[in-house]
Amino acid sequence: MKRDVPSPDSAPGTGEVPAQRTFAVKRWRHGAVASEVDHLAEEVPVALEFNGISHAVMLATPADLEDFAIGFSLSEGIVASVGDIYGIDVEPGAQGITVKVEIATESFVGLKGRRRALAGRTGCGLCGTESLDEVMRTPAPVHSAVAFDPSLFEQAFATLHRRQALLRDTGATHAAAWMRADGEIALVREDVGRHNALDKLAGALARGAHEDIGQGAVIVTSRASYEIVQKTAAIGAGVLAAVSGPTAMAVRLADAAGVTLAGFVRGGTLVVYTHSQRLHIA
């Protein structure tokens, strides 16, 4: 696959889009005003094309876009496996970035049969979905025998926070990370949209991260919405831990999909909503 992905430190004028930019600002603190330079996370329209046909436009952070395209393709059911993706080109333009994905003919035929247009806000989950059946896609049940010491999650979130380079600079991004059974954070992906961050993580896992999916967990710096659970199940992960709470719809899906869902993971506490057998709690 062609690797043409903007990096966080790309400079303007190189043909690539930087993941963050600087602005001159006035900062007011306790009655005093100072002129400073602030760092802001970039968000740009990212158009996903499959075999030359435009399918979705999302607002996203212009980094790790190859991972994003792969993860989106898998979690949306456009392809059955990463092997159905033959090539990816990332093309910056005046109005945004076009990611051109070449997929297998069988996958493309299936996509045309249920094609939709997603004109999205930042990381929107269901924008433009045409039918209730598409919203309520239930992934295959997850089979994972891994079990975690719950204290590992707080340590993992602390590590994740330290590894969020864009958040550290801008304060404006979500992250999704892959945690191994021993609590080690193996992969981190960031984006202004929480769904986008998880798609990027899914893509990184799919394209050769050499991780045992059945022996790890997804952790996210957001609430656990329905689609976050849906994408976690599509990855095949048995555990999802979120720093904030889930929705009722997300809990129902996690229960049906066999995903252990933990929320409010902070300050030495967490709440388990489904399939608590994967956590070592009394």
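**Strands E10 to E13: how the labels are earned**

User: Happy to look at this with you! Why are strands E10 and E11 called paired?

Analyst: Good place to start, and keep in mind that this is a predicted model. Three bridges join strand E10 (residues 216–220) to E11, and the two run parallel. Pairing requires at least two bridges, so E10 and E11 qualify as a pair. One of the contacts links Ile219 to its bridge partner in E11, Ala241.

User: What makes E11 and E12 a pair?

Analyst: E11 and strand E12 (residues 260–266) are joined in the parallel sense over three bridges; the cut-off is at least two, so they count as paired. Here Leu240 has Leu261 of E12 as its bridge partner. The chain gets from E11 to E12 through helix H8 (residues 248–257), in a right-handed β-α-β crossover. A right-handed β-α-β unit is also made by E10, helix H7 (residues 226–235) and E11.

User: How do you know that both faces of strand E11 are covered?

Analyst: Look at the side chains of residues 239–242: Val239 and Ala241 lie on one side, Leu240 and Ala242 on the other, and all are buried. Buried means under 20% relative accessible area, so each of these four residues falls below that limit.

User: Why is Val271 called partly exposed?

Analyst: Val271, which sits in strand E13 (residues 269–274), has a relative accessible area of 34%. Partly exposed lies between the 20% and 50% limits, so Val271 fits that class.

User: And what makes Val271 eligible for a nonpolar surface patch?

Analyst: Patch residues need over 30% relative accessible area, and Val271 has 34%, so it passes that test. Together with Phe264 and Tyr273, Val271 makes a patch of about 230 Å².

Definitions and conventions. Residues numbered from 1 in each chain as written. Predicted model: local features only at pLDDT ≥ 70, side-chain atom pairs only at ≥ 80, totals over all residues. Heavy atoms only, no water. Patch = residues over 30% accessible without salt bridge, like charges linked within 9 Å, V, L, I, M, F, W, Y side chains within 5 Å. Areas by Shrake-Rupley, 256 points an atom, 1.4 Å probe, with all protein chains shown as cover. Salt bridge = Lys/Arg side-chain N within 4 Å of Asp/Glu carboxyl O. Buried < 20%, exposed > 50% of the residue type's maximum accessible area, 1.4 Å probe, protein only. Right-handed = clockwise from strand over helix to strand, strands pointing away.
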